[in-house]
Amino acid sequence: MNVLVINAGSSSLKYQLINLETKHILAKGICERVGSAEAFHKHGLDENERVIDAEMRDHDDAMALVLEALTSGPTKAVDSLDEIDAVGHRIVQGGWYFDRSVLIDDDVIAKIDELAELAPLHNKAALMGIHACQKHMPSTPMVAVFDTSFFQSLPPKAYMYPLPYELYEKYHIRKYGAHGTSHRYISERAAAVLGEPLDELKLITCHLGNGCSMSAIDHGVAVDTSMGLTPLDGLMMGTRCGAIDPAIVPYIMDKEGLDAAGVNDLMNKQSGLLGISGISNDLRSVRDASEKGDERAMLAYDMYSNSVKKYIGQYMAVMGGVDAIVLTAGVGENCEKMRRMIFAGLQPLGIVLDEAKNRQRGFEREISSDSSKVKVIIIPTNEEYMIARDTYDIVHEHSQIVPVSHAE
């Protein structure tokens with residue numbers, strides 16, 4: 001079964017075509033700057049990637065280019081659209097409606113649209129991707145895979161805010177989390193790497209990139225996560241401030257003369273690594289500046305690592321210990337200096353990094369010392385595979401397709 005995975009942004013459309021039987025990526029690419037005169041389309045695998053300047057007025061145009069690239073030309077992956085059995089769409093916000101992936105119908109579309117106020121840039125963009133696919137592939141089944149559904153297992157003590165309860169009843173104000181597809185994937189893979197059943201492990205999973213989140217996964221069930229009602233809460237990120245004293249918001253609005261939209265933009269797009277360093281939201285640039293002695297860059301680096309360290313302590317307390325800490329995404333996978341800073345001083349908690357292993361680069365690997373009571377593992381995330389797998393499973397529920405094994 002071939003599944004096309006779509007991740008639509010406000011001005012982008014990212015995709016992969018995955019064969020579930022072989023677990024091979026048949027094609028991948030991205031349409032960037034959709035709606036702009038500078039729009040371009042990257043398509044192909046590795047050394048066969050082609051970059052094409054192309055007019056894309058909207059996501060309909062982008063989708064048409066994607067399907068043409070998949071079925072024709074030197075980098076085509078299939079002979080016709082009939083060989084694409086289903087489409088899986090990444091949806092950031094599933095709110096209180098969805099605790100699992102679902103087959104897309106008019107009711108699901110209406111609910112995704114209703115929930116857009118909790119993730120306006122993401123859900124609206126996803127809807128554009130869905131509508132574009134429906135236009136070009138009207139008979140192909142489509143599935144919505146939600147970043148938030150993994151965290152519907154959180155207990156009320158973790159997802160409720162200490163606000164008047166009536167606000168929860170009226171507006172569903174609660175913690176929803178994000179990056180759930182990534183946390184689910186790396187927790188499953190960590191169990192495989194450890195050779196232990198997932199339902200016998202206590203894990204802290206860390207998705208550390210430009211966007212950052214951490215989760216406590218107790219015996220396979222998410223019991224807490226750092227992102228909240230929106231992806232702004234929790235850890236310090238590339239441009240997001242993460243958790244701050246909420247009284248800062250009206251204070252800044254008053255002092256700077258900002259409205260709600262202005263302060264929201266400040267916290268989401270001007271803060272984090274960028275706001276503190278004044279250099280970049282990219283940790284690599286901040287690291288380079290810090291190593292040259294830039295004091296604000298050094299402070300940003302310290303704050304980022306300290307933010308992660310505090311959540312490790314919180315989640316060890318929540319679960320009464322931890323068997324393994326799992327890291328993924330650009331920073332988690334690739335920055336040995338940041339990992340060293342995060343775990344420095346945690347030896348009394350049974351967490352001991354192996355410096356030589358930490359410097360190594362590669363695929364799935366353990367970087368804790370042999371004496372460490374808590375394992376530290378790096379797992380490159382694969383959200384696209386999880387979306388494809390869920391899509392297959394949901395479509396199978398509604399058809400007579402013979403199931404394939406998901407064993408890794």
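Student: What makes the contact between Arg-189 and Glu-364 a salt bridge?

Tutor: The term needs a side-chain nitrogen of Lys or Arg within 4 Å of a carboxyl oxygen of Asp or Glu. Arg-189 and Glu-364 meet at 2.8 Å, N to O, so the pair fits the definition. This is a predicted model, where local features need pLDDT of at least 70, side-chain atom pairs count only at pLDDT 80 or more, and totals for chains, interfaces and linings use all residues. Residues are numbered from 1 along each chain as its sequence is written, and side-chain values use heavy atoms, without hydrogens and water.

Student: Why is this pair said to tie together parts that are 175 residues apart in sequence?

Tutor: Because Arg-189 lies in helix 6, while Glu-364 sits in the loop between helix 14 (355–359) and strand 13 (365–366). Helices (H or I, at least four residues) and strands (E, at least two) are DSSP runs, numbered from the N terminus.

Student: Why is Arg-189 called buried, and why is Glu-364 called partly exposed?

Tutor: Buried means under 20% relative accessible area, exposed over 50%, partly exposed in between (1.4 Å probe, protein chains only). Arg-189 has 12%, so Arg-189 counts as buried. Glu-364 has 23%, so Glu-364 counts as partly exposed.

Student: How do you know that Asp-390 and Arg-184 form a salt bridge?

Tutor: Their closest N and O atoms are 2.7 Å apart. That is within the cut-off, so the pair qualifies. Asp-390 is in helix 15 (residues 383–397) and Arg-184 in helix 6 (residues 180–194), 206 residues apart.

Student: Are Asp-390 and Arg-184 buried or exposed?

Tutor: Asp-390 has a relative accessible area of 10%, so Asp-390 is buried. Arg-184 is at 17%, so Arg-184 counts as buried too.

Student: What makes Lys-124 and Asp-113 a salt bridge?

Tutor: The closest N and O atoms are 2.5 Å apart. The pair links helix 3 (residues 120–136), which holds Lys-124, with helix 2 (residues 106–114), which holds Asp-113; they are 11 residues apart. Lys-124 is partly exposed, at 42%. Asp-113 is partly exposed, at 35%.

Student: How many salt bridges does a search of the whole structure find?

Tutor: The search finds 19.

Student: Why can Asp-85 belong to a negative surface patch?

Tutor: Asp and Glu count as negative. Patch residues have over 30% relative accessible area and no salt bridge, with like charges joined within 9 Å. Asp-85 has 33%, so Asp-85 passes the area cut-off. The patch is formed by Glu-21, Asp-82, Glu-83 and Asp-85. Asp-85 lies in the loop between helix 1 (59–71) and strand 6 (86–91).

Methods:
Patch = residues over 30% accessible without salt bridge, like charges linked within 9 Å, V, L, I, M, F, W, Y side chains within 5 Å. Areas by Shrake-Rupley, 256 points an atom, 1.4 Å probe, with all protein chains shown as cover. Charge placed at Lys NZ, Arg CZ, Asp CG, Glu CD.
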